[in-house]
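User: I would like to go through this model by question and answer, with the reasoning set out before each result.

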Amino acid sequence: MATINVTDEGFQKDVLDSDKPVLVDFWAEWCGPCKMIAPALEELSDELADKVTIAKMDIMENTGVPGSMGVQSIPYLVLFKNGEPTAQMRGAAPKGQLKQWLESVL
């Protein structure tokens, strides 16, 4: 399953109301590190599809949710379980490190 795009309008339904944990990648087109981790997140969305949904939110097109969450630097990964943020990671990391972190917080 590929990553999904999430908007301010769909955040409640797609993330908070999800019956499965959702990892949200807050990113922007101009962010080099965000582009570096994008392929790894796509691969992880396939590898871990039964455990987690991986979503991407462009902070330039959607300012409400990132603003309310205090997103100040990107990439910023937040894992939501049962509608609550339960883990976060700032900055880019290699795929293996992303996978290890994600599996440890699931």
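**Annotated cysteines and the nonpolar cores**

Analyst: To begin with one placement in this predicted model, C34 lies in helix α2.

User: Is C34 buried or exposed?

Analyst: The cut-off for a buried residue is under 20% relative accessible area. Because the relative accessibility of C34 is 2%, this residue counts as buried.

User: Which residues does C34 touch, not counting residues up to four places away in sequence?

Analyst: C34 shares an annotation with C31, since the unreviewed UniProt entry records "active site" for C31 and C34. With residues up to four places away in sequence not counted, C31 touches I74 and P75. Under that exclusion, the residues touched by C34 are F26, W27, A28, I74 and P75.

User: Where is C31 found?

Analyst: C31 has 3% relative accessibility and therefore counts as buried. As for its place in the chain, C31 is in the loop between β2 and α2 (32-47).

User: Which element gives the most residues to the largest nonpolar core?

Analyst: The largest nonpolar core has 19 residues, and F11, V15, V24, F26, M57 and I74 are those with the most contacts inside it. At least two residues of this core come from each of α1 (11-16), β2 (22-27), β3 (53-58) and β4 (76-81). The element that gives the most to this core, with 4 residues, is β2.

User: How many residues are in the second, separate core?

Analyst: Among the members of this second core are L23, A40, V52 and A87. The core is separate from the largest one, and its number of residues is 16.

Terms used
Residues are numbered from 1 along each chain as its sequence is written. This is a predicted model: local features need pLDDT of at least 70, side-chain atom pairs count only at pLDDT 80 or more; totals for chains, interfaces and linings use all residues. Side-chain values use heavy atoms; hydrogens and water are left out. A nonpolar core is a set of buried Ala, Val, Leu, Ile, Met, Phe, Trp, Tyr and Cys residues joined through side-chain atoms within 4.5 Å. Buried means under 20% relative accessible area, exposed over 50%, partly exposed in between (1.4 Å probe, protein chains only). UniProt positions are given in the numbering used here, feature names are shortened, and annotations may be inferred rather than shown by experiment. Contact means heavy atoms within 4.5 Å.
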